[in-house]
Amino acid sequence: MQKVILSGNEAIARGAYEAGVLVASAYPGTPSTEILENTTQYKEIDASWAPNEKVALEVGIGACFGGARSLVTMKHVGVNVAADPLFTLSYTGVRGGLVLVVADDPELHSSQNEQDSRNYAKFAKVPMFEPADSQEALDFTKLAFDAGEKFDTPMFLRSTTRISHSKSIVTLGERRTDLPTPSLERNAAKLVMLPGNARKRHYDVEQRLIDMEEWSCTQPFNRIEKGAGKVGVITAGVAYQYVKEAMPDADVLKIGLVYPLPKQLIRDFAANYETLYVVEELDPYIEEQVRAMGINVVGKDKLPICGELTPGRVQKALFGKDVPTEDNSPELPPRPPNMCPGCPHRGVFMELNRAKAYVTGDIGCYTLGFLPPLSAMDTCVCMGASIGNATGISKVISEEEQRKVVAVIGDSTFLHTGINGLMDMVYNQSASTVIILDNRITAMTGRQENPTSGYMLNEQETYRVDMEQLCRAVGVEHVKVIDPYNIKLTRKIIREEMARPETSVIITSRPCMLVPRDNMDKRMPLYVDHDKCTGCKACLRLGCPAITWDEENKKSNIDKIICVGCKVCQQTCGFDAFIEYGE
Amino acid sequence: MSDVKNILLAGVGGQGILLASEVLSEVMMMAGMDVKKNEIHGMSQRGGSVTSHVRYGEKVYSSIIPEGEVDILFSFELLEAKRYLPLLRKEGQVIVNNLKIAPPSVALGKQVYPENLADEIGKQFPATKVINGLDLALEAGNPKTVNTVLLGALSKVLDVDYQLWIDALNKMVPAKLLDINLNAFELGRNAV
């Protein structure tokens, strides 16, 4: 069998392929994004980006009701959006298998919270596998389809950032070709969840969990690894790897199916040790259930709930070991992320800052508008929240303050869940301003297509949502489309619309400069004419990575290798010092 | 786990660190070892600080290098080398590109870039190798081959068959850029 190095995400995509999956749907979200992207290499799978996680899951459910195996992937907060169909899917059960992959982000590498999705498994009564490396990511994906069909249940596969984005050696298998052909098949008692039907299904759900727990106690994905026999550790997922580093002599019960827990197996294992540890990231999810069984453990009384674990953090928490960290001393300048050179969002945030706007923000690259020197974001809650937040805050402040409130949201986020907020804003006559930064791509997660990009996941051309018409259709009378590289115009329109006592929308029309097909026009980089530069630092307010301050000469400089020639800086200069090469 | 070798790659988003760690991992797999590698995608791609952990040996568990057990800190930028220096073993080695990239606070004139970093690192870790990556990449014919130059330098201090590196580059570098990258690899290898 062929051995390759795969990331957890690549391995999940491979597992779905080998499991005979026919349909895959997702909304991008770090660290889950590459799963769906990797399914596109398997032509047998119909893979597509949905506008949000709820739609993605509903598409997956439809395929499952048609008898196909389907894969749906999202990040942890995406499950909040998809929770509505999820909880009832638990009652209908499945026809073809359905696996919902949820990728958690302990340490919040690229997220707005640190929620532990294992609680969703328990809450929605949807069983959950949790792999500890890429081989298990592949194997458990396949197992999840088999187990889900055996017990008539949708299945969760939980990953975390360090599983999704770590690579390890994987042995590949073959795709299953013996699955039944999908077809229409009516089964109202199971698929029409009216109270009379759903009431009966709830009993099936409860029985299924009892059956699955008993089955799980004898399955090899829950395994005991013998050590010196003195201490026992119960662990799952990536935490298992850290236990093997930090406590090499311990006896380990490694749990593969984290919901429902194999209680009898845990009881038998626990009986052997005076000291029993539960090592898990984030919430005391296993620990609480083990304690509820009357078994005493060492767990979150020592181990941190916040942040991810590492081998060192486990040793520090349990044994007090002194562990070094990276150098965080103040004389080492930090290196936070920044908007790219030529990013069309930059000038908009500079103008929002100058207009002293109170910006209700949203999730995307433009959340970086929070960082200095742009410093123009005052709230950021979740996907689509900017618009509802602007409406709500405007209800409770003075008319003068209302004119300062601006919601800022990207195209993909607007179509994800922002459009509902805009309907509310118009319907209930809020006087706020909304700026839609339409760069025609879902940029932050690595440039995925969406309904404004005009392309599908498979790169095929498709219909493009007309953002201006969409806003007009929900009732916004004042919709302005502007070129955000034109700073004077951007400033004028932002100030006019902020002053307007009605709902208004400004749409910026420049594409993401990292998408070559949308940036065909040739642009030359700029340089700073030091004879003209007075050292006033006005250009530095943009925070463009291509512009650096020359402390010796007290002038600005441009790095011509990374300058893309957007000329926004040229418009901030009162002394005509920014000159295009070749001019 | 004493046979496991730990290499921490560090640098700035956009420097080609992830490709370098891909090649390194491939080489170690071809050498018959268990390999794990780990990095953070997402925010760090936007010009932020980037690290990639590569671990190899008979059996590797954690993909994160246990803190304080880095054998080689392989940095594409001086300030980023300094940042991760405390994670190195006492007898560890640094291979660092002789390059300064100004972080935002320095570019805005609000902070200064620390002076004499290469000397300071060399004093603390005597086996440090400072590589003039950009000069050698330009000599190879393309400034974007700095990561391959640096890999060449790294290959000299690792105990792996030379041919495996060449095989991995053949497999992973696009055909039209292969010659220039092989050239860059040799220049880096000879610089150590």
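**View 1. Two neighbouring parallel strands of chain B, S4 and S5, in a predicted model.** In this close-up of the predicted model, strand S4 of chain B, residues 70–75, runs beside strand S5 of chain B, residues 88–97, and the two pair in the parallel sense over five bridges. Two residues of S4(B) help to locate the pairing: Ile72(B) stands opposite Gln93(B) in S5(B), and Phe74(B) stands opposite Ile95(B), which is also in S5(B). When following the side chains here, a reader may find it useful that in a regular strand the side chains alternate between the two faces of the sheet. The chain segment that links the pair can be traced through helix H2 of chain B, residues 78–84, and S4(B), H2 and S5(B) make a right-handed β-α-β unit.

**View 2. Strand S5 of chain B with strand S6 of chain B.** Strand S5(B) also pairs with strand S6 of chain B, residues 129–131, and this pairing is in the parallel sense over three bridges. One residue pair to look for is Asn97(B) and Ile131(B), since Ile131(B), in S6(B), is the bridge partner of Asn97(B).

**View 3. An open sheet of eight strands, with strands from chain A and chain B.** The strands follow one another in the order S1(A)-S8(A)-S2(B)-S3(B)-S1(B)-S4(B)-S5(B)-S6(B), and the pairing in this sheet is mixed. Which strands stand at the edges? They are strand S1 of chain A, residues 3–7, and S6 of chain B; each has a single partner strand, so one side of each is left without a neighbour in the sheet. Neighbouring strands of the sheet are turned by 20° against each other on average, with direction ignored.

**View 4. The side of chain B that touches chain A.** Across the boundary between the chains, 45 residues of chain B are in contact with 43 residues of chain A. Helix H1 (17–30), strand S2 (34–39), helix H2 and helix H3 (104–107) of chain B each supply at least two residues of the side that touches chain A. Which element gives the largest share of this side of chain B? The answer is S2(B), from which six residues come, and S2(B) can also be found in the order of the eight-stranded sheet, next to S8(A).

**View 5. Ser111(A), a buried loop residue.** Ser111(A) is placed in the loop between strand S5 (98–104) and helix H5 (118–124) of chain A. Is Ser111(A) buried or exposed? With 22 other C-beta atoms within 10 Å, Ser111(A) is buried, because a residue counts as buried if 20 or more other C-beta atoms lie within that distance of its own. Apart from residues up to four places away in sequence, Ser111(A) touches Lys75(A), Val77(A) and Asp105(A). One of these, Val77(A), is 34 residues apart from Ser111(A) in sequence, while their C-alpha atoms are 8.3 Å apart in space.

**View 6. Four cysteines listed by UniProt, including Cys533(A) and Cys536(A).** An unreviewed UniProt entry lists Cys533(A), Cys536(A), Cys539(A) and Cys573(A) under "binding site". These four span 41 residues in sequence, yet no two of their C-alpha atoms are more than 10.4 Å apart, so they gather at one spot. Cys533(A) lies in the loop between strand S19 (526–528) and strand S20 (547–550) of chain A, and Cys536(A) is likewise placed in the loop between S19 and S20. Cys533(A) is buried, with 21 other C-beta atoms within 10 Å, whereas Cys536(A) is partly exposed, with 14. Beyond its neighbours within four places in sequence, Cys533(A) is in contact with Val528(A), Lys555(A), Ser556(A), Phe575(A) and Ala577(A).

**View 7. Four further cysteines, including Cys563(A) and Cys566(A).** In an unreviewed entry, UniProt also places the feature "binding site" at Cys544(A), Cys563(A), Cys566(A) and Cys569(A). Although these residues are spread over 26 residues of sequence, they cluster in space, with a largest C-alpha distance of 10.8 Å. Cys563(A) lies in the loop between strand S21 (555–558) and helix H20 (568–572) of chain A, and the place of Cys566(A) is also in the loop between S21 and H20. Cys563(A) is buried, with 24 other C-beta atoms within 10 Å, and Cys566(A) counts as buried with 24 such neighbours. Not counting residues up to four places away in sequence, Cys563(A) touches Pro341(A), Pro525(A), Leu526(A), Ala546(A) and Ile558(A), while Cys566(A), with its neighbours within four places left aside, is in contact with Gly342(A) and Tyr485(A).

Technical notes: Residues are numbered from 1 along each chain as its sequence is written. Chains are lettered from A and ligands numbered from 1 in the order in which they are written. This is a predicted model: local features need pLDDT of at least 70, side-chain atom pairs count only at pLDDT 80 or more; totals for chains, interfaces and linings use all residues. Two strands pair if DSSP finds at least two bridges between them. Helices (H or I, at least four residues) and strands (E, at least two) are DSSP runs, numbered from the N terminus. A crossover is right-handed if, with the strands pointing away from the viewer, the path from the first strand over the helix to the second runs clockwise. Axes are lines fitted to C-alpha atoms, for helices over the stretch in contact, and angles run from 0 to 180 degrees between N-to-C directions. A residue is buried if 20 or more other C-beta atoms lie within 10 Å of its own, exposed if 12 or fewer, and partly exposed in between; C-beta atoms are placed from the backbone. Two residues are in contact if their C-beta atoms, placed from the backbone, lie within 7 Å. UniProt positions are given in the numbering used here, feature names are shortened, and annotations may be inferred rather than shown by experiment.
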